[in-house]
Amino acid sequence: MPLERRSWAEPFKIKVVEHVRITTHEQRERAIAEAGYNTFLLRSRDVYIDLLTDSGTGAMSDRQWSGMMLGDEAYAGSESFYRLEAAVRRVYGYTHVIPTHQGRGAENIISRVLIQPGDVVPGNMYFTTTRLHQEMAGARFVDVIIDEAHDSSSEHPFKGDVDLNKLERVFQENPGRVPYVSVAATVNMAGGQPISLANMRAVYELAHRYGVKVILDATRVAENAWFIQQREPGQLGRSVAELVKDLCAASDGCTMSAKKDPIANIGGFLALNDAAIAEAACNLLVVFEGLHTYGGMAGRDMEAVAIGIEESIQDDHIRARIGQVLYLGEKLRKAGVPIVLPIGGHGIFLDARAFLPHVPQEHYPAQALAAALYLDAGIRAMERGIVSAGRDAVTGEERKPKLELVRLTIPRRVYTQAHMDVTAESVCEVFEQRESIRGLRMTFEPKLLRFFQARFEPRQ
Ligand SMILES: *Cc1c(COP(=O)(O)O)cnc(C)c1O
């Protein structure tokens, strides 16, 4: 038997199933038109395999579900909060744990606490909600990721790395105006690409030399740790748990969406080492999220997050999780479908520029490709290109990112190998017919985070 199949087999079996509907081509044609050719606006009953996101869509374990029953719903001082606090301290190593309803709640608070209007926040490529909260707090975001990250064909093993020269230039050009460096683990917008431990430590050292803090977006830090274990000289073979701790130790705090790595349906937190910053954050917490012992989560949610955190750093779990992503990616790569390489941690990113070279970027090729994919077999993906990039906060011009991608995101512990096979078959079918795919025209554009609710129509 081929070894690669054996190597990522799931360390679990299925106890409960949820039925999904298989639709006809006519039904899908109607559904995508009603959704304005935006996969975010589809109803989930019309979707067969849902690869929109890995956010909150994972399958919780029997232990997490039984934890839900044990949730302490006290308004103040919930036992579930203290179990969450202990799990965060144990696994990530930070001192102060501030619960939030999800990741962006933590981003809102840390941005408001640390940023003064006119500040500059450098980061390894942007994430949609992270950058928006920084901008709404008055900062300008500067991308300091290595150039290779913007090249879909570069096979650099750590495309999430920060370019230290770019970072130092930002410090030198903006003395006293850089409150923190915003570093993401497995950079989503670059295709789920990891940062190396050596680079993370170098960023921390450089930032501290300039008196600047480092805030980690730890949303997918366990997946990042797995790539370090597999690829980074000197770190090979260390456990994911140890590497997660090391990555977090090279930061002053983190924001976390517990809907990703920790396999909860909702939840998040902000974690910090500095007592004064934590106190300022707690002051804002009661305004925007809730009391510091629930922060927008029910007791049962905190319980599920606490248990999910422990499950998320098990080597067997991560190996199977990323193994499944690699399985799908390898199938597509072998079929000649243009995808971002190396294959990332949480999904496969189709390179829409190479896929649809006849569709100019102003005609939203990745959006059009996501709609075409849905039409073929009911598989829902997400645009990560010009629509997601939005408009420049100052000029109002459309930002034109180099990467024009469609993300097939794999939820954790949800789909089978046969689902991955069907997905690969559908992408290959659409690739065969790519010349018939036309671009789109935007007919409705929301002001903020437009990709969520924008509407389109096909171009003639
Ligand atoms: C999802 C995500 C966030 C935001 O978290 P929410 O829970 O969706 O609010 C922030 N950063 C990254 C990298 C994410 O993937």
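This is a short talk on how the two domains of this protein meet, what surrounds its ligand, and two details of the backbone.

Keep in mind that the model is predicted. I will start with the overall layout. The protein is split into two domains. Domain 1 comes in two stretches of the chain, 25–54 and 315–458, while domain 2 is the stretch 62–312. Between the C-alpha centres of the two domains the distance is 26 Å.

Now the interface. How many residues of each domain are in contact with the other? On the domain 1 side there are 33, and on the domain 2 side 39. The size of an interface is often given as the accessible area lost when the parts come together. Here domain 1 and domain 2 bury about 2,900 Å² between them. Carbon and sulfur atoms account for 57% of that area. Which three residues of domain 1 supply more of its buried area than any other three? They are Pro 342, Leu 403 and Arg 412, with 19% of what domain 1 buries against domain 2.

Next, the polar side of the interface. Five salt bridges cross between the domains, and 17 residue pairs across the interface are in polar contact. As for secondary structure, four elements of domain 1 each supply at least two residues to the side that touches domain 2: helix H13 (315–334), strand S9 (347–351), helix H16 (386–389) and strand S12 (405–409). Of these, H13 gives the most, with seven residues. By type, the residues on this side of domain 1 divide into 17 nonpolar, five polar and eleven charged.

Arg 412 deserves a moment of its own. One salt bridge joins Arg 412 to Glu 223, and there the closest N and O atoms are 3.0 Å apart. Arg 412 also forms a salt bridge with Asp 54, at 3.1 Å from N to O. That second pair links distant parts of the chain, since Asp 54 and Arg 412 are 358 residues apart. Asp 54 sits in the loop between strand S1 (49–50) and helix H3 (62–69), and Arg 412 in the loop between S12 and helix H17 (417–432). In the whole structure, the search finds 30 salt bridges.

On to the ligand. Which residues are closest to the ligand? Out of 14 residues that surround it, the closest are Gln 102, Arg 104, Asp 217, Ser 257 and Lys 260. A nitrogen atom of the ligand lies 2.6 Å from an N or O atom in the side chain of Asp 217. Lys 260 has a polar side-chain atom 2.7 Å from an oxygen atom of the ligand. For Arg 220, an N or O atom of the side chain is 2.9 Å from a ligand oxygen.

Last, the backbone. Pro 342, which we met at the interface, is joined to Leu 341 by a cis peptide bond, with omega at about -10 degrees. Pro 342 lies in the loop between H13 and S9. The other detail is Thr 186, in the loop between strand S5 (180–184) and helix H8 (197–209). Thr 186 is not a glycine, yet its phi is positive, near 30 degrees.

Technical notes:
Residues are numbered from 1 along each chain as its sequence is written. This is a predicted model: local features need pLDDT of at least 70, side-chain atom pairs count only at pLDDT 80 or more; totals for chains, interfaces and linings use all residues. Side-chain values use heavy atoms; hydrogens and water are left out. Domain bounds come from an automatic or database domain assignment. Contact means heavy atoms within 4.5 Å. Buried area is the accessible area (1.4 Å probe) that two parts lose on being put together, summed over both. A salt bridge is a side-chain nitrogen of Lys or Arg within 4 Å of a carboxyl oxygen of Asp or Glu. A polar contact is a pair of N or O atoms within 3.5 Å; within protein, one must be able to donate a hydrogen and the other to accept it, and residues adjacent in sequence count only if both atoms are side-chain atoms. Ala, Val, Leu, Ile, Met, Phe, Trp, Tyr, Cys and Pro count as nonpolar, Asp, Glu, Lys and Arg as charged, and the others, Gly among them, as polar. A residue is near a molecule or strand if one of its heavy atoms lies within 4 Å of it.
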